[in-house]
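Me: Could you take a close look at one part of this model for me? I'd like to hear about the backbone.

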Amino acid sequence: MIVGGIDIITLTATLMGASTPVLLAATGELVAEKSGVLNLGVEGMMIMGAVAGFAAAVATGSPVLGFLMGAIAGALLATLFAFLTQKLLSNQVATGLALTLFGLGLSALIGKGYEGVRPPPTAKIDFGPLSDIPVLGRILFSHDWIVYLSLILVAVVWYVLRSTRAGLILRAVGESHDAAHALGYRVVAVRFAALAFGGALAGLGGAYLSLVRVPQWTEGMTAGAGWIALAIVVFASWRPWRVLLGAYLFGGITALQLQLQAAGYAIPVHILSMAPYVITIVVLVILSAIHRHGVQAAPASLGKSFHASS
Amino acid sequence: MITLVRRPTPSQFWSYATPLLAVIATMIAGGILFAILGKHPVEAIRVIFWDPLFGGNASYFRGQLLVKAGPLILIACGLAVGFRAGIWNIGAEGQYIMGALFSAWLALKMYPAESHWLFPAMIVLGALGGFLWAMIPAVLKVLFGTSEILVSLMLVYVAENLLAYMAFGPLKNPEGFGFPGSRNLQDYPSAFNHELIEGTGMHWGVVAALIAVIFTYGLMHRHITGFRIRVAGEAPRAARFAGVIPARLVMLGLGMGGAFAGLAGMFEVSGPSGQITDSFNVGYGFTAIIVAFLGRLHPIGILLAGLLMALTYIGGDMAQLMLGLPSAAIQVFQGMLLFFLLAFDVLTNFRIRFGRVAA
């Protein structure tokens, strides 16, 4: 099925892969923000995940270990952020920025020797006859396991937040840390855990970028994906399924933009490359315009420091 | 057991001491980092912080210091005003690019006509370019409450792509033998931002940075507007009762940041860089955020912090040449500095008590 030089089926199939890094990072950030902490360091955690995952996969020859290492690197950076903002009560916006600047620098330093190296390939899951179903087979059953893992994670996060005791505590901490503290919940510990989880997912998303999407290491390769993940959480009004929608929408635009470039449309490459960022802004504006008169969807304690004395 | 007790008012002493403490801690951590990279830590620190100022070729490097510090100080002054008001403009890099594009566009349109009016007109356009780019997040925040953090940051990527488009397309040098990049403004006397005193690195951008420091000081510490900005940042509710209009502050905070960043871009493209290329921006807009915080959002502090950051750039280049230290190591170094600064800031607002404290 080809419309205007664009193969719709290929587009839809690549969309899922293109969305996965942002989907993972946004899901992680959603959990962190639900606990009441705004971590602007997603970009830094992603790129550290990208380089750590890449290095580990090249060293061991195992992409699985690479993904694991990416997640660990992201979680470590997030723990550093948690220590600064939760224990030393530093400003969350400034600390998040520091995390991003630090991550971009450190990843460039670590990645020096890996430019031009090819990572071990990540196999697609073999669904047997399912993959041969026309149209649907290519779209749904032609991906690697991380794509499916990201979908499972969205479902798990949705379920845990909505229907479990742990999810309820997390949300309580995010809505009113003083009330949660008064009830005897350990606000700081909950936030440490939520941030580490968010960091692990951001790192995993970064590793997916360097191991599967591109697949190679280049300096600054996340190119704003972490910031877009932050925007998607706002877009989603802090709801997991809408994060999925937002990420796939964004992935669709990225995939379409790349295909338009390949199809040889007479639009300059650099103008096309602006599209994802411009569209993110437009979507943010539309959403904030709608929410201005509606209910405030953000967790009430988002971005505020918690100190037991105050 | 260590507990933190909130101070009734932030400590004056520690607010001055923490930046120094952070610099020292960063040097130690940096030394460890350099040791891991297989360099002699003390030597690396000496090459970065001592040699550019007092070493063999110091006279050349001292000039470079002003060239690098100028844009950092200029941008950081504008950012500090916004940060004080609680407005997070983190897209200075984009505003810097737009200032350069606007002013370079004018100069390239006028080429090769010579006129005394061209350079002042470029200054105006540079400021305007940055200002307008910053007005996008400002207006969106005022009208719709859209996060200025995300919008200003997204616009950096848009500006970077626009820069590349211009460098390869409309502003490309017609006599450039197919090489990307615009004409070099250094060869265009009316547009060239030349050195004011030979060999010092002192150009109009450095003068502008000094004026910005004085202007920002006057605005923030001697004028009612600065008082309003600070109240709005520290106690938004109190500010509203005092008749501060938030929309105006958003416009002012982002607008000033944008205009100053645009100016920095203008002085850079007409001077040290000379041309529009796709690699024109080198991250001054982001480093300026560190400068603003290291300088405690105070103009005089920013002046000192800007010089220190410029030193790490130059020292980093030197260390790369002499010791083969990767350039990214300096980026890590700068990031660590901000981390330590934020960490030590706890001492400004809290007292540390050992042992249990009665609640």
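Reply: Happy to; here is a walk through some backbone details and their surroundings. This is a predicted model, in which local features need pLDDT of at least 70 and side-chain atom pairs count only at pLDDT 80 or more, while totals for chains, interfaces and linings use all residues. Residues are numbered from 1 along each chain as its sequence is written, and chains are lettered from A, with ligands numbered from 1, in the order in which they are written.

Let's start in chain A, in the loop between α10 (225-235) and α11 (240-262), where A:S237 sits; helices here are DSSP runs (H or I, at least four residues), numbered from the N terminus. A:S237 is not a glycine, yet its phi is positive, near 50 degrees. A:W238 lies in that loop between α10 and α11 of chain A, and its phi is also positive, near 60 degrees. Most residues other than glycine have a negative phi.

As for burial, a residue is buried if 20 or more other C-beta atoms lie within 10 Å of its own, exposed if 12 or fewer, and partly exposed in between, with C-beta atoms placed from the backbone. A:S237 has 17 C-beta neighbours inside 10 Å, so A:S237 counts as partly exposed. A:W238 is buried, because 21 other C-beta atoms lie within 10 Å.

Chain B has its own points to see. The peptide bond from B:Y111 to B:P112 is cis, with omega near 0 degrees, and B:P112 is found in the loop between α5 (92-110) and α6 (118-144) of chain B. Further on, helix α12 (residues 284-294) of chain B is mostly covered, with eleven of its eleven residues buried, including B:Y284, B:F286 and B:F293. Just after α12(B), B:R296 takes a positive phi of about 60 degrees.

Conventions: Helices (H or I, at least four residues) and strands (E, at least two) are DSSP runs, numbered from the N terminus.
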